[in-house]
Amino acid sequence: MNGNFPQKCSQEVLEKILDLDMSASSSDDFLQLVSGTKIIFGSLPLTHRYGGHQFGSWAGQLGDGRAHLIGVYTNRFGSRWELQLKGSGRTPYSRRGDGRAVLRSSIREFLGSEAMHYLGIPTSRAASLVVSDDNIWRDQFYNGNIKKERGAIVLRVAKSWFRIGSLEILAQSGELDLLRMLLDMVIKEHFPKININDSNKYLAFFSQVVSETAHLIGLWMSVGFAHGVCNTDNFSLLSITIDYGPFGFMDSYNPDFVPNTSDDEGRYKIGNQANVGMFNLNKLLKALNPLFSPREKQLASQILEEYPQQYYKGFVELFKTKLGLLGENEDDDYLIAFLLKLMEDTRADFTMTFRQLSEISEDKLKDLNIPKEFWALQDIAKHKNFSTWIAMYLLRLKGNVGDSDSERRRRMSSVNPRYILRNWMAESAVQKAEINDFSEVRFLQRVLQHPFLVQTLAERAGYAQHPPAWAEDVKVSCSS
């Protein structure tokens with residue numbers, strides 16, 4: 001890579017995961033390592049072969065087309081992490097691509113994965129971002145407008161990069177011995193609750209993946225996150241968020257929100273993510289079927305049938321927490337659905353509606369006295385049924401045994417973020433970075449490390465205000 005520029009690093013990843021002092025990031029050895037120009041002595045970079053169902057159809061063999069696994073590190077806590085460079089050049093699976101990644105997508109992955117971590121959502125992490133002046137040519141929106149862009153490499157880490165497609169390709173090609181070997185390794189390394197000598201280990205593995213996938217997608221929905229490309233090759237076997245491409249956090253609540261301009265049919269719209277999870281788990285089941293006995297196949301099918309109920313139950317619990325509801329009430333699911341419908345009708349901001357419900361007092365809600373600083377609630381208050389919902393909500397809050405209004409607000413503010421990585425914020429940072437100004441990337445990184453705390457500088461930057469008018473024109477595609 002020519003002309004490497006100073007990299008951006010995540011101090012927490014370097015110090016708490018990789019056991020490095022932050023000062024090490026300024027060394028020439030570190031820069032060469034994370035830019036892919038130097039290989040650690042004795043190491044052998046690897047690329048991963050997998051297949052996948054892309055937009056509902058089997059795409060055959062895929063694999064890491066621009067990512068290299070450069071090592072596995074066990075840190076001082078005994079935690080094992082796989083280190084991968086994304087955008088580091090051609091691999092055997094590049095499929096006529098150049099194996100590189102552009103700056104705009106690399107910044108989004110760096111900020112996006114770190115933002116998700118601080119929101120408490122299982123995810124890969126980003127350790128560093130290195131920018132190059134190498135020329136990379138991309139047709140960003142697949143409209144024939146090819147242009148030169150700057151390249152970048154992200155050092156990202158995860159407990160494992162194995163995905164549903166890792167198993168699919170082996171099942172599809174009849175490599176069943178290798179399928180068993182891989183599954184045994186994954187179970188032994190990453191599923192400690194499963195006895196590797198148990199005859200039902202693959203069934204137990206499938207059951208855990210089903211449950212954890214349902215939970216992950218529920219978490220995505222609770223913060224308004226749309227992955228953008230929920231193909232089976234982008235779904236982790238460990239149920240963590242991986243492969244940040246054309247993702248997006250919703251501004252206005254809209255079940256049809258599609259962050260990916262390449263998704264013409266809206267297959268991966270935010271409101272369809274749970275259904276896509278079911279589709280992907282069904283493909284996982286088909287990959288595992290050659291290893292199952294007839295009885296296990298029947299049991300596995302029953303496990304998969306429980307997925308919708310698991311997802312819905314988790315979704316309701318997450319949104320009850322967002323609304324500060326304690327205990328059980330048979331009408332809670334209706335209360336949640338009612339609010340979401342009001343938000344949809346009024347195009348109320350998803351994040352700030354819940355956040356401002358976390359900050360406003362019950363007395364103000366009771367009087368329908370919504371101060372102007374609660375702008376998202378003012379938007380939804382325009383709905384003719386808002387007062388009805390408020391009355392139901394306040395009545396339900398009275399059922400919180402031993403609770404107080406201040407405690408409710410404290411509790412809700414700890415789970416409803418004030419700041420998320422909105423597309424317009426990422427775009428603004430990218431535009432500055434294109435001219436070597438990484439100040440906003442650094443600023444966003446600091447803000448997103450504390451998404452639940454009010455931050456003076458973030459408020460001045462408008463991160464908790466109505467998105468600017470130009471935000472609606474921000475487009476993100478699969479091209480990166």
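In the predicted model, arginine 156 is in contact, once its neighbours within four places in sequence are left aside, with Glu82, Leu83, Gln84, Lys86, Glu109, Arg125, Ala126, Ala127, Trp161 and Asp243. This arginine belongs to strand β8, which covers residues 146-158. Its relative accessible area is 3%, and because buried means under 20%, arginine 156 is counted as buried. Two of the residues in contact with arginine 156 also meet its side chain through polar contacts: the side chain of glutamine 84 does so at 2.7 Å, and the side chain of aspartate 243 does so at 3.3 Å. Serine 105, which is 51 residues away from arginine 156 along the chain, has its C-alpha atom 13 Å from that of the arginine.

Arginine 125, which appears among the contacts of arginine 156, lies in strand β7, a run that spans residues 125-139. The relative accessibility of arginine 125 is 4%, so this residue, too, counts as buried. With neighbours within four places in sequence again set aside, the residues in contact with arginine 125 are Ser10, Glu12, Val13, Ile17, Ser113, Glu114, His117, Tyr118, Leu155, Arg156 and Val157. One of these, histidine 117, makes a polar contact through its side chain with the side chain of arginine 125, at 3.2 Å.

Elsewhere in the chain, strand β2 (residues 51-54) pairs with strand β3 (residues 57-61) in the antiparallel sense, and the pairing runs over 3 bridges. Within this pairing, histidine 53 stands opposite tryptophan 58, a residue of β3. The two strands β2 and β3 form a hairpin that has 2 residues between them, and in the turn phenylalanine 55 has a positive phi of about 50°.

Attention may also be given to the open spaces of the model. Rolling a probe the size of a water molecule over the atoms shows where empty space is left. The second largest pocket has a volume of about 650 Å³, and among the 28 residues that line this pocket, Asp251, Phe257, Arg347, Ala471 and Glu472 are the closest to its centre. When the lining of the second largest pocket is sorted by class, it is found to hold 14 nonpolar, 6 polar and 8 charged residues. Helices contribute to this lining as well, since α13 (375-380) and α16 (423-433) each supply at least two of its residues.

Notes. Residues numbered from 1 in each chain as written. Predicted model: local features only at pLDDT ≥ 70, side-chain atom pairs only at ≥ 80, totals over all residues. Heavy atoms only, no water. Helix = DSSP H or I, 4+ residues; strand = E, 2+ residues; numbered from the N terminus. Buried < 20%, exposed > 50% of the residue type's maximum accessible area, 1.4 Å probe, protein only. Polar contact = N/O pair within 3.5 Å; in protein donor to acceptor, adjacent residues only side chain to side chain. Contact = heavy atoms within 4.5 Å. 1 Å grid on protein atoms, 1.4 Å probe; cavity = no way out; pocket = protein on both sides within 12 Å on 5 of 7 lines; lining within 4 Å. Points joined across faces, edges and corners; volume = space filled by probe spheres on them. Nonpolar A, V, L, I, M, F, W, Y, C, P; charged D, E, K, R; others polar. Pairing = 2+ DSSP bridges.
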